[in-house]
There are 2 protein chains.
Amino acid sequence: MEIQGLPGRVLDELGPAIASGEIPEGAVLRGEELEGRFGVSRTVVREAVRVLEGMRLVASRRRVGITVQPKSLWDVFDPMVIRWRLAGADRPAQLRSLGSLRVAVEPAAAALAATHATDDDRRELSSLAVELTVAAREADLTTFLGHDIAFHALVLRASGNEMFAHLGDTVGAVLTGRTEYHLMPHQPEPYAIRLHREVADAICGGDAAHAERAMRTIVTGALEELNLQLG
Amino acid sequence: MEIQGLPGRVLDELGPAIASGEIPEGAVLRGEELEGRFGVSRTVVREAVRVLEGMRLVASRRRVGITVQPKSLWDVFDPMVIRWRLAGADRPAQLRSLGSLRVAVEPAAAALAATHATDDDRRELSSLAVELTVAAREADLTTFLGHDIAFHALVLRASGNEMFAHLGDTVGAVLTGRTEYHLMPHQPEPYAIRLHREVADAICGGDAAHAERAMRTIVTGALEELNLQLG
DNA sequence: GGAAACCAAATCGTCATACTTTTGCGGTGT
DNA sequence: ACACCGCAAAAGTATGACGATTTGGTTTCC
């Protein structure tokens with residue numbers, strides 16, 4: 001799901017450098033300079049820069065060059081920007097922002113899912129909840145992570161709201177990052193697991209209020225844990 | 001805040017055509033065809049297409065052309081995509097999605113603002129609330145809309161969460177669209193106005209729960225009104 | 001007759017180059 | 001000190017040439 005070819009390669013290097021703050025706000029790059037730095041032609045550099053411009057990471061102006069925009073203008077919802085920031089020095093801030101977003105969105109999505117989910121969704125949700133429980137009991141963190149991601153993505157998708165649905169990948173990235181960087185307990189808490197089952201049961205039973213409450217407990221717990229770990 | 005030059009012009013025509021569904025999913029465009037259609041060179045077409053590719057609206061593949069991606073892959077949080085969809089045939093669906101998003105995010109933002117807002121924020125919020133009241137009493141819809149947008153944007157910004165803050169413009173676009181298309185009462189409801197004052201007072205007083213509750217009443221009301229109007 | 005291998009055309013991808021347009025900066029003159 | 005003017009630097013655009021790759025048909029061989 002990446003941009004292909006040479007512009008993609010330029011992007012993969014330039015994007016993270018900017019998103020992580022390595023190239024600071026206000027810095028000015030020249031197209032010619034980038035050509036040399038990456039050993040590609042003008043065409044390629046220009047296309048990569050155009051994409052960064054679409055994300056509002058940079059602005060290109062005649063006679064001056066390609067200037068890195070202030071962070072406040074960045075498209076912070078762009079999946080690439082989120083990935084780049086999660087991978088770089090901005091990771092703590094990005095995790096915090098996403099944590100709050102999850103607290104806002106996921107309970108609402110769970111409530112909607114309770115009334116909008118298809119029968120297939122409900123079945124899959126139930127089975128994910130039990131597999132989650134099994135993986136947790138066996139302390140199989142990799143399998144657990146996969147099912148956890150699938151669970152949250154499914155709830156978001158089952159909400160029937162396309163915007164919520166698109167946060168699935170982002171939430172997945174958060175969960176992955178949290179595990180990779182050891183920002184969560186090495187063994188999933190039994191209480192959190194039970195809450196997942198509760199969410200699944202409530203959604204299957206059409207109990208929106210209960211699903212919302214249980215999901216809110218999950219995500220606020222995750223946010224508190226995060227704030228604890230990050231100080 | 002637009003992309004400049006010829007690629008921008010191509011984008012302004014091609015983007016809405018795709019986002020509105022006028023060019024359907026799976027449709028295939030050829031670069032050369034676009035050159036003729038817009039009377040510009042390959043360079044320009046390619047850069048515009050790259051930006052659309054960055055938004056996941058299209059994918060460009062050798063020997064086949066530029067194919068419009070299924071809607072489920074679009075970056076539905078991209079401000080340009082949102083604007084294009086709001087302007088086109090997808091407006092109802094887009095308004096519904098954004099309505100649910102507001103219900104999820106704005107109460108959370110209000111709660112955060114109650115503890116994170118600066119003194120300047122609180123002052124400005126208060127003054128916006130009274131100006132809002134005045135404009136509503138005088139039935140000055142244009143001024144009211146401006147203050148309403150500023151109010152919600154300020155709450156989102158004062159939350160201290162950069163992702164919430166970036167939804168300010170989007171919410172502004174929703175409110176503008178709602179007014180333009182006469183999807184709201186021609187005169188603001190006094191009850192809704194009072195709730196805005198309540199939100200402002202709660203945030204100024206640091207009462208997070210109260211701010212959240214009042215804001216939730218506002219946005220759920222707006223969503224219900226929307227569902228009423230759209231059937 | 002069917003399947004596998006092969007070939008050719010179509011289309012994007014990349015590069016090199018020349019020309020155009022904008023604009024910041026410095027110099028010049030009052 | 002101020003305003004004006006011109007130059008040069010940088011991005012913007014256009015075009016021609018070539019390379020890479022994928023698709024789809026065609027041929028060839030069991």
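Reader: How do you know that chain A and chain B are in contact, and how many residues are involved?

Author: In this predicted model, two residues count as in contact if their C-beta atoms, placed from the backbone, lie within 7 Å, and by that criterion 26 residues of chain A touch 26 residues of chain B.

Reader: Which elements make up the side of chain A that touches chain B, and which gives the most?

Author: At least two residues each come from α3 (42–54), α5 (91–116) and α8 (162–180) of chain A, and α5(A), with eight residues, gives the most to that side. By class, the side of chain A that touches chain B holds 14 nonpolar, five polar and seven charged residues.

Reader: What makes the relation between chain A and chain B that of a two-fold axis?

Author: A turn of 180° with a shift of 0.0 Å along the axis lays chain A on chain B with an RMSD of 0.0 Å, and therefore the relation is that of a two-fold axis. The same surface serves both copies, since 100% of the contact residues of chain A recur in chain B.

Reader: Which residues come nearest to DNA strand D, and what makes a residue count as near?

Author: A residue is near the strand if its C-beta atom lies within 6 Å of it; of the 19 residues around DNA strand D, those that come nearest are Gly31(A), Gly5(B), Leu6(B), Ser41(B) and Arg63(B). Two or more residues of this surface come from each of α2 (31–38) and β3 (65–68) of chain A, and from each of α1 (5–19) and α3 (42–54) of chain B. The surface near DNA strand D divides into six nonpolar, six polar and seven charged residues.

How values were computed: Residues are numbered from 1 along each chain as its sequence is written. Chains are lettered from A and ligands numbered from 1 in the order in which they are written. This is a predicted model: local features need pLDDT of at least 70, side-chain atom pairs count only at pLDDT 80 or more; totals for chains, interfaces and linings use all residues. Helices (H or I, at least four residues) and strands (E, at least two) are DSSP runs, numbered from the N terminus. Ala, Val, Leu, Ile, Met, Phe, Trp, Tyr, Cys and Pro count as nonpolar, Asp, Glu, Lys and Arg as charged, and the others, Gly among them, as polar. Copies are superposed by least squares on the C-alpha atoms of residues with pLDDT of at least 70 in both.
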